[in-house]
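This briefing goes through one protein–ligand model by topic, from overall form to the ligand site and then to single residues. Please read it with the sequence and the coordinates at hand.

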Amino acid sequence: MPADENERLCELEELEATEELPEPRFSAIAAAAARVCSTPIALVNLVGADSQHFKGSSGVTATGMDRADSWFCPHTIAARRLLEVHDADADPRFRDTPIVAGEWRVRFYAGAPMISSRGHALGTVCVMDHRPRRLSPEQHQMLTVLAENAALLLEAHHQVRRADRIIHGLQDVQELKDQFLRNINHELRTPLTSIRSYLELIQDGDLDSATEQRFLGVIEHNSDRLLELIDELLLMASLNAETAVFHPARVDLIVLVHRALEVVADRVQDRGHTLILHAPDRATVWADALRFQHVLVHLLDNAIKFTPDGGTIEVRASADPAPRVEICDTGIGIGAEHVERIFEDFYRAPEAEERAIPGTGMGLAIVDKIIRVHGGSIRINSTPGEGTCVRVTMPVPPSPQSSAHRTPPSSPRPGL
Ligand code: ATP
Ligand code: MG
């Protein structure tokens, strides 16, 4: 066993080297090795914990074998230098291994280790024959050079994959930034324009006091909306910076659900939705009441706005086996390829954009972070055109005695 076995295996995993087998460029190296050494079989072989993975091959169709089936390459990587076995039948170390005694019938082996820039022998470039053989010093040298190049190629492939991911990530971030700027511009401008127009009307005078009061009400509503937006931006920033303050306690989930429903009651009515609630009398949850209510209001808000008028919103709360709330709607739904992204800061699915449903894409990002701080989880099931179900599961609350110490049930963060 190589002395650096653990680190070696970690590097193999990091390089994602065994994900694609075989790869043409490595098979070209194997073919070159077979040709240089005039052998029927050559491999670029990565030695994993239990298996050997043929990254490139020539003369065989298999893509790997158990580590215990052949001791040649494991020997080469443990010794970290070229190994040549002239006649395996005559060598007690290898004579009884499946690759010699079994259907491969290997008699001759020569392999050079592929040593990474971090110094780990990840695998070998090796050649095999069915008859006893001996390589020349030039062939040894060529095999060593091919192994060095195979190691470099492995690392180069990894770097290319990483660069690809970074470029994609940057493109996504740029797209999100553009989308956010468009949305926030619209979301800020709409209430501001409204405030300005109504102020002008009031300034012009000639309004009876009832109309003036009504206009002032509109102004108040729009400035509330602006404040809400700014609060959301600040909350998101503090959650990202992990500076948001939480005051958790044992609270009744059902009370929070009722409060959240009161907050959105007018909006539900305006949109002609039917609201159905299934809930037990009590369900204790360990949470910051205000933050958790924020979560519930936000999820209800999404259900209301992404459901065409006259839809149904069903809320189910339960206490067993853990405190849980599920909010299902009959709305526009979310395409499968977007569901995995909707918790990202500012991400909005194209359906929302195309239908010009207002929003900044901050809501679910905030919701997700709040739930995670509590040690809970959120799952979304959605079918485009049919509806969406969001399920929030919170950790089982601690017993009343232990909650006196204000320790969370299974929170990943201290301070909660
Ligand atoms: P904001 O919450 O900042 O006002 P938003 O509602 O668009 O904006 P999120 O709440 O973060 O943003 O939701 C992200 C995206 O997920 C939405 O834009 C929408 O595409 C999709 N989405 C969320 N909830 C639903 C739902 N119940 N039905 C359909 N799509 C939804
Ligand atoms: Mg939202």
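At its relative accessibility, does R80 count as buried, partly exposed or exposed? The structure is a predicted model, and in it R80 has a relative accessibility of 38%, so this residue counts as partly exposed, the class that lies between under 20% for buried and over 50% for exposed. The points below set this residue beside the overall fold, the surroundings of ligand 1 and several other local features.

**Overall form**

- The secondary structure of the protein comprises twelve helices and 13 strands. The radius of gyration is 32 Å, well over the 22 Å that the globule rule gives for 416 residues, so the protein is more spread out than a compact globule.
- Along the principal axes, the C-alpha atoms of the protein occupy a box of roughly 110 × 55 × 40 Å.
- Of the 416 residues in the protein, 47% count as buried.
- The protein is divided into three parts, with domain 1 covering 5–163, domain 2 covering 168–240 and domain 3 covering 249–404. The centres of domain 1 and domain 3, taken over C-alpha atoms, are 54 Å apart.

**The site of ligand 1**

- The shell around ligand 1 holds 19 residues, and the closest of these are H298, N302, R348, T360 and L364.
- By class, this shell is made up of eight nonpolar, eight polar and three charged residues.
- Two helices, α8 (289–305) and α11 (363–373), each supply at least two residues of the shell, and α8 gives the most, with three residues.
- Which side chain has an N or O atom 2.9 Å from a nitrogen atom of ligand 1? That side chain belongs to D329.
- Oxygen atoms of ligand 1 also have polar partners in the protein: a polar side-chain atom of T360 lies 2.6 Å from an oxygen atom of the ligand, while for M362 a backbone N or O atom is found 3.0 Å from an oxygen atom of the ligand. On its own, ligand 1 has 590 Å² of accessible area, and the protein covers 97% of that area.

**Helix α3 and the residue after it**

- Helix α3 spans residues 72–79, and the buried residues in this helix are F72, C73, P74, T76 and I77.
- R80 follows α3 and is placed in the loop between α3 and β4 (83–85).
- The phi angle of R80 is positive, at about 60 degrees, although this residue is not a glycine.

**Other backbone features**

- S38, which lies in the loop between α2 (24–37) and β1 (41–47), is another residue other than glycine with a positive phi, here near 50 degrees.
- Which two residues are joined by a cis peptide bond with omega at about -5 degrees? The bond joins D320 and P321, and P321 is found in the loop between β10 (312–318) and β11 (324–329).

**Residues in helices α5 and α6**

- N183 belongs to helix α5, which runs over residues 137–204, and with a relative accessibility of 9% this residue counts as buried, since the cut-off is under 20%.
- Although N183 and P358 are 175 residues apart along the chain, their C-alpha atoms are separated by 7.9 Å.
- N222 is part of helix α6 and counts as buried at 11% relative accessibility. The side chain of N222 makes a polar contact of 2.7 Å with the side chain of S194.
- A237 is also found in helix α6, whose residues are 209–240, yet with a relative accessibility of 43% A237 counts as partly exposed.
- How many ångströms separate the C-alpha atoms of A237 and T144, which are 93 residues apart along the chain? The separation between these two C-alpha atoms is 54 Å.

Definitions and conventions. Residues numbered from 1 in each chain as written. Chains lettered and ligands numbered in written order. Predicted model: local features only at pLDDT ≥ 70, side-chain atom pairs only at ≥ 80, totals over all residues. Heavy atoms only, no water. Near = heavy atom within 4 Å. Polar contact = N/O pair within 3.5 Å; in protein donor to acceptor, adjacent residues only side chain to side chain. Areas by Shrake-Rupley, 256 points an atom, 1.4 Å probe, with all protein chains shown as cover. Helix = DSSP H or I, 4+ residues; strand = E, 2+ residues; numbered from the N terminus. Nonpolar A, V, L, I, M, F, W, Y, C, P; charged D, E, K, R; others polar. Domains from an automatic or database assignment. Rg over C-alpha atoms; globule rule 2.2 N^0.38 Å. Buried < 20%, exposed > 50% of the residue type's maximum accessible area, 1.4 Å probe, protein only.
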